[in-house]
Amino acid sequence: MTAQDMKQLKISVAGVRGIVGRGLDAETAVSFAQAFATYLEGGTIAICHDTRPSANMLRASVLAGLLSSGTRVVDLGIVPSPTLRLALPNLHANGGIIIAAGHNPTDWNALKFLRGDGMYLSARQGQELLEIFSHGEFRKAQWDEIHPLEYSDRAIEEHLNRILQLFPAEPIRKRRFKVAVDCCNGPCSLLTPRLLEALDCEVVALNNNPARPFPRLPNPTPDNMSQLEALVRASGADVGFAHDAEGERLGIVTNEGIALHQEMTLAIAVYIALETGWCTQPIVINISTSRMIESLAAKHGVRVIRTPTGQAHVSEQALLRKADIAGEGSGQVILPRLHPGPDGIAAIAFFLHYLAGSQETISNIVEQIPVFYMRKENIPLASNRAYRTLQRLRELAQMQKGDFAVDLTDGVKLESPDGWVHVRASMTESMLRIIVESPDPGRAKELQRWIRDQVLE
Amino acid sequence: MKPIRTLKVGVSGIRGVVGDSLKPLLLCRFARAFATYSGGSTILIGRDTRTSGEMVKNAVLAGLLSSGCRVIDVDICPVPTIQNAVRHTHCKGGIAITASHNPVQWNALKFIKSDGSFLNPHEAEELLNLYHQQDFRTAVSSELQPPETYSGAIDDHLRKILERMQPAREPQLRVAIDCCNGAGSLMTARLLELLGCETLPLYCVPDGRFPRPPEPVPANLSKLCQMVEESGADVGFAQDADADRLAVVSEKGQAIGEEYTLALCARAVLSREKGPVVVNLSTSRMIDDIAAAYGCPVYRTRIGEVNVTETMCELGAILGGEGNGGVIYPKVNLARDSFVAITLLVELLRSSEKTLSQLVEEIPSYVMIKRSYEIHPHLIPALIAHLSDQYKEEDLDLRDGIKIIRPRSWVHVRGSNTEPIVRLVVEGPDSATVSMLRDEFEGLIRHFL
């Protein structure tokens with residue numbers, strides 16, 4: 001069986017994700033929605049979706065499941081997922097379902113389950129949801145307990161206003177920045193250009209039509225930002241931003257027209273947060289985020305807390321530690337003062353707010369950040385083989401204890417002063433992810449070769 | 001094992017009680033089976049006003065889309081309007097989400113072919129097989145199509161009625177209507193306005209909270225009768241929840257019984273056109289008397305709208321229907337259509353210059369009793385076998401249960417297609433004969449309950 005034929009469906013505490021028609025189908029979505037409604041015992045659930053071709057099908061599935069369980073459903077339609085998180089408390093919702101697959105290619109989709117406070121279900125809550133799903137006994141509403149579907153179209157406006165409350169527009173307006181933005185024809189098309197206009201920026205928008213298909217792979221990595229690079233160069237923009245397809249991950253193109261490594265998004269945000277005194281509390285990041293964050297934090301005497309990968313862990317710790325900033329190396333910036341989830345749109349305002357108050361450019365900031373070399377590799381592997389391999393690596397780690405500090409909280413991470421390697425099973429796809437980082441490019445390569453050999457043995 | 005009394009998966013589609021057996025997964029899978037059966041082409045969907053309609057519609061939509069169908073959604077519409085729309089918009093098929101005359105807690109899927117008629121028993125059997133095999137057509141992302149909405153279905157239907165029937169707009173009539181807060185609420189008053197009638201509306205809020213049981217039998221129409229009497233209306237019309245069936249209240253405020261709807265419509269049609277008439281086995285003999293008066297033959301079929309429409313097509317019938325208030329006039333629609341029936345009856349009142357009571361009096365009258373008894377479906381064949389043995393010397397029709405045909409009366413016993421019940425219909429010249437026959441057969445049936 002080739003990877004092409006392999007059914008792509010991942011059911012985990014983070015929700016359900018897969019390739020539509022090859023693993024993720026209407027029936028799975030109906031049952032998961034029923035399970036979630038059963039878990040929340042009815043109540044109010046708000047939903048939103050991104051602009052993928054499968055959005056309508058999965059929305060209908062989710063509606064069928066939720067309505068049949070007697071849930072009051074508020075449909076926000078196409079909005080970025082942070083917009084839904086922010087709206088949940090206003091709607092007095094008990095939970096939310098995001099129908100979106102962020103950085104995954106267009107043929108993927110996912111259902112992600114939120115609590116009433118906008119946080120992902122915790123690992124334990126996710127486990128409970130999975131138990132209900134597996135059990136297959138769901139809440140059923142009688143004919144007079146079924147609520148009519150409700151709609152809300154104010155969420156984008158509210159999100160915009162909350163961002164502007166946090167980052168006053170006036171100083172940014174004075175600078176009349178020229179900002180290029182690539183929304184991947186996703187839901188951010190409906191918000192980011194509006195935000196930039198409210199900030200009196202000259203907006204050079206690319207791919208901001210939600211009715212059109214994705215023009216590129218949604219993950220905002222340098223490979224997928226060449227169009228934006230060209231646009232920044234041609235227009236002489238002060239900065240370029242690339243969204244994923246739901247408004248969580250953000251990629252940056254410098255004023256020189258260079259797309260930055262994904263890890264730089266959070267590093268720049270942390271740099272700004274530390275320089276401006278925005279951040280005094282511990283910074284929360286996941287286990288595979290670059291050591292750039294520790295280097296920056298050390299200068300200001302701020303602690304860094306690492307969590308297992310998965311947004312739920314990062315958000316939960318951020319809240320617990322009263323973090324001022326948190327995030328993941330994949331381009332996710334969390335500003336807990338707004339809400340506890342990654343928000344690519346708010347991050348743009350955060351960056352522009354800093355640029356307005358300083359005389360720095362994005363390139364200047366990048367120069368201030370210590371250089372690390374990170375190498376990532378994905379090894380496609382069926383789940384059963386992936387977990388067997390991890391078992392073996394754990395045994396290996398015990399033997400390497402002399403040379404490395406060992407962290408087994410999420411897969412296997414081996415750390416030493418001159419670099420680290422991290423191997424874990426993807427929560428969302430059938431593969432093992434390898435990440436290696438070192439201040440020395442030669443050492444990074446060496447570590448990558450070594451760990452790949454160990455994995456493939 | 002306790003029998004499941006609230007779910008009917010059968011040749012007339014799938015029907016069940018919301019909050020009990022009619023689960024979204026089942027609906028989604030049935031829609032996928034139909035999508036697979038239709039080869040993933042364009043399917044039109046619509047629903048009545050039931051509170052579960054939105055849930056059911058989304059389950060169906062999910063199933064159809066996931067199997068790669070192009071879906072046109074007309075949302076709340078009368079069933080005859082949905083059937084007309086399938087043909088009008090050249091769809092490969094349709095799904096009507098309605099439990100018709102069933103109580104408010106029920107809902108159902110009815111499967112429609114490209115000509116607007118329902119799947120026949122053989123086709124429904126194939127669909128069922130597909131459903132049970134669960135090997136459905138599956139579309140990948142690039143094959144998924146966004147659902148479309150179409151809001152012109154009611155306009156199209158009204159326009160077609162006016163074009164094909166050319167009704168007069170005079171003289172003035174006062175008409176009371178009871179739409180049971182069903183799908184007719186969106187259309188019946190509009191039709192009457194186009195027919196130049198003054199409309200007195202009752203229960204025309206399309207919120208699916210039925211103020212009376214949806215079946216338009218006399219026992220459920222007391223409010224309408226009262227309204228007709230107090231307002232001095234010329235006639236009252238009552239629909240079921242999806243407006244395929246029609247019942248009539250006379251100017252005296254009397255519910256004349258749903259059997260008269262087809263009889264009166266037959267008079268309206270056959271006085272102008274000649275041709276075969278097709279009705280089901282349980283329909284009153286009034287139709288035979290009227291057709292005979294106009295020299296037209298009557299053919300009888302098994303119960304079920306599709307059985308009537310298929311025979312109508314074979315024979316080139318000009319009119320068809322059922323005694324339950326279903327009138328099929330193929331010049332407009334190959335479906336039971338209460339709007340066509342209203343138009344015919346308004347025409348009859350105007351052209352005859354008689355009152356409704358007078359028109360009723362001119363039709364030879366019979367006494368009919370309809371009863372139903374809860375029974376486990378698997379006991380029905382034994383019951384029918386027993387009866388056909390008991391009455392083997394008589395003139396029997398065994399196409400659908402058993403019908404015992406006598407010169408001045410008849411008795412029909414059959415299992416329902418839609419509910420776990422056995423139905424008994426008796427018709428005769430007077431109450432004494434009919435009561436006696438009812439007692440005789442009720443006794444026989446009770447042995448099997």
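Here's a quick briefing on the interface between chains A and B, followed by a few backbone oddities.

Keep in mind that this is a predicted model. The two chains bury about 2,400 Å² between them, with 31 residues of chain A in contact with 31 residues of chain B. Away from that headline, a cis peptide bond turns up at Pro171(B), and positive phi values show up at Cys184(A) and Asp200(A).

**The A–B interface**

- The size of an interface is often given as the accessible area lost when the parts come together.
- For chain A and chain B that figure is about 2,400 Å², and carbon and sulfur atoms account for 66% of it.
- As for charged pairs, the rule picks out two salt bridges across the interface of chain A and chain B.
- One of these links Glu27(A) to Arg29(B), where the closest N and O atoms sit 4.0 Å apart.
- Polar contacts cross the interface too: six residue pairs qualify, both partners being at pLDDT 80 or more.

**What chain A brings to it**

- Helix 1 (26–39) and helix 2 (55–68) of chain A each put at least two residues into the side that touches chain B.
- Helix 2 of chain A makes the largest contribution to that side, with 10 residues.
- Sorted by type, the residues on the side of chain A that touches chain B come out as 14 nonpolar, 10 polar and seven charged.

**Backbone oddities**

- Some background for this group: most residues other than glycine have a negative phi, and most peptide bonds are trans.
- In chain B, the bond from Glu170(B) to Pro171(B) is cis, with omega near -10 degrees.
- Pro171(B) belongs to the loop that runs between helix 5 (153–165) and strand 8 (173–178) of chain B.
- Over in chain A, Cys184(A) isn't a glycine, yet its phi is positive at about 60 degrees.
- Look for Cys184(A) in the loop between strand 8 (178–182) and helix 7 (192–198) of chain A.
- Cys184(A) counts as buried because its relative accessibility is 0%, under the 20% cut-off.
- Asp200(A) is another non-glycine residue with a positive phi, this one near 55 degrees.
- The loop holding Asp200(A) lies between helix 7 and strand 9 (202–206) of chain A.
- Asp200(A) has 29% relative accessibility, so it counts as partly exposed.

Terms used
Residues numbered from 1 in each chain as written. Chains lettered and ligands numbered in written order. Predicted model: local features only at pLDDT ≥ 70, side-chain atom pairs only at ≥ 80, totals over all residues. Heavy atoms only, no water. Contact = heavy atoms within 4.5 Å. Buried area = accessible area lost by both parts, 1.4 Å probe. Salt bridge = Lys/Arg side-chain N within 4 Å of Asp/Glu carboxyl O. Polar contact = N/O pair within 3.5 Å; in protein donor to acceptor, adjacent residues only side chain to side chain. Helix = DSSP H or I, 4+ residues; strand = E, 2+ residues; numbered from the N terminus. Nonpolar A, V, L, I, M, F, W, Y, C, P; charged D, E, K, R; others polar. Buried < 20%, exposed > 50% of the residue type's maximum accessible area, 1.4 Å probe, protein only.
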